[in-house]
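The following exercises concern a single protein chain. Please study the sequence and the structure before reading each solution.

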Amino acid sequence: MGELKKEITLISGIGQLSTTLLGTGLFMVPAIAAGIAGHLSLWAWGLLFIAICPIALTFAQLGKRYPSAGGTAYFVRQAFDKRLEKSVAWLFVSVIPVGIPAAIALAAGFLQQLLPEAINSAMLAQILTVALLMAVNLSGTKSSGRLQTVIALSVFALVAAFWWKGGLSTNDIVMPTLDSDSFWSIGAALGVMFWCFVGIEALAHMGEEFKNPQRDFPIAILVGSFIAGATYWACSVIILKFGAYGSAEFESASIPWISEQLFGNQFKVLISLLGFAACFASVNLYTQSLSRMVWAQAREYKPTSPLARVSIKGVPANATLVIGAILILSCVGGELSGLDLEFFLKLANSVFVLVYLLAMLSAYKLLTGVGKALAAIALILCTIVFICLGWSMLYALSILALFSLPWEKLRPLKQPKTE
């Protein structure tokens, strides 16, 4: 069956989390949030970062005490029972048909601009993206961590270049005045913006592969979350200054448009390459976490299954290939459906917020002292954000309810063989 290799260091852990949190979100969410709330989105980013702090601290405590490839499903099992653990595992998988295709489509959109015209098609670009995901995942955690650290540094350099070339000053970061109507706009924006901090639970699946999880896992979560939050806020200031929001075109092209305004067309290829790399890095950690969750479930309940095997590089190869096949099918379905990014984003957010909520509920039961108090605050905050999602939370609740049913009791009992 084998075990996962412990190859994640503190630096690679910070790199993996920060690129995952920034990834696809940086290229679409600030523009979408600005389209919903305008300059009030600056307040929304501040509130979201304050809200995410107790959640990040709680995940840090859980990962430190219970490092497992099972992630939130494992935390839930420790706090409650195996049935709820399986429901959470399936809930996490249910994000594939709604969240991953949107992320891969965004990454493929940047890749299309780099492909020769003869093979330049949306579907082919998505298939190539999934193939590259499989190659990176199967190469091992160490190689993946190094790649994502380089991508993270490149993203920070891009945002810094925007601030420098755009001539931003203190006049551009004045917070707008709040009134009674402001909170509705801020709440609606928060429902979309939470996507930017989904990724913490994905790193929880990698806890078993940290060289020193007790020391490095909590630091990686806290530092990675802080870096991502600061970068999102800085990017939003740029988008608001240049007015790169308010239309469907800007939902996925605000960053390339700003780049063209500041640097001209000569940087178009570089921006496309960086955009693809950032989006790819985000999906990469989710692919890793999904494969490890599948592997952890197989290891626990069907240890002789091919899904429970680990390759010579310490990677759950069979589970990774299964996730790859599901990704291809999901991308085809996403392409045929023709639904917009914001619709998929809201459905995926409902799953992630519910996963966070269940993780915080587990933490409240498992932790003591200050950790328990933080978990209580985080639980309340997750509940508020879940309510802000509106109709889309029905998707996550339906999935959880479906897999929480006692299906084994509904199966007909086998009749004993007659002599």
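**Exercise 1: Salt bridges**

The structure, a predicted model, holds two salt bridges. Identify the residues that form each salt bridge, and state which parts of the chain the pair of R77 links.

Solution. Begin with R77, which forms a salt bridge with E300; their closest N and O atoms are 2.9 Å apart. This pair links distant parts of the chain, since R77 belongs to helix α4 (residues 72-79) and E300 to helix α13, 223 residues apart. E300 has a relative accessible area of 36% and is therefore partly exposed. Next, consider R215 and D216, whose side chains meet in a salt bridge with an N to O distance of 2.6 Å. The relative accessibility of D216 is 2%, so D216 counts as buried.

**Exercise 2: The chain as a whole**

Determine how many helices and strands the chain has, and decide how its radius of gyration compares with the globule rule.

Solution. The chain contains 18 helices and zero strands. Its radius of gyration is 21 Å, close to the 22 Å given by the globule rule for 419 residues; the chain is therefore as compact as a globular protein of that length. Along the principal axes, the C-alpha trace spans about 85 × 55 × 40 Å. Of the 419 residues, 55% are buried.

**Exercise 3: Helix α1**

Check the span of helix α1 (residues 10-26) against the value that its 17 residues should give, and locate the kink in α1.

Solution. At 1.5 Å a residue, the 17 residues should span 24 Å. The end C-alpha atoms of α1 lie 23 Å apart, which agrees with that value. The kink in α1 is about 25° and is centred on T19. As for its surroundings, 15 of the 17 residues of α1 are buried, so this helix is largely enclosed by the rest of the structure.

**Exercise 4: Two leucines**

Establish whether L57 is buried, partly exposed or exposed, and describe the surface patch to which L273 contributes.

Solution. L57 lies in helix α3 (residues 41-65). Its relative accessibility is 30%; because partly exposed residues fall between 20% and 50%, L57 counts as partly exposed. L57 and L374 are 317 residues apart in sequence, yet their C-alpha atoms are 7.5 Å apart in space. Turning to L273, this residue is found in helix α13 (residues 268-301). L273 is partly exposed, with a relative accessible area of 49%. Together with L114 and V269, L273 makes a nonpolar surface patch of about 260 Å².

Methods
Residues are numbered from 1 along each chain as its sequence is written. This is a predicted model: local features need pLDDT of at least 70, side-chain atom pairs count only at pLDDT 80 or more; totals for chains, interfaces and linings use all residues. Side-chain values use heavy atoms; hydrogens and water are left out. Helices (H or I, at least four residues) and strands (E, at least two) are DSSP runs, numbered from the N terminus. The expected span of a helix is 1.5 Å times one less than its number of residues. The bend at a residue is the angle between axes fitted to the seven residues ending there and the seven starting there. Buried means under 20% relative accessible area, exposed over 50%, partly exposed in between (1.4 Å probe, protein chains only). Patches are made of residues with over 30% relative accessible area and no salt bridge: like charges are joined within 9 Å, nonpolar side chains (Val, Leu, Ile, Met, Phe, Trp, Tyr) within 5 Å. Accessible areas come from the Shrake-Rupley method with a 1.4 Å probe; for residues, only the protein chains shown count as cover. A salt bridge is a side-chain nitrogen of Lys or Arg within 4 Å of a carboxyl oxygen of Asp or Glu. The radius of gyration is taken over C-alpha atoms; the globule rule is 2.2 Å times the number of residues to the power 0.38.
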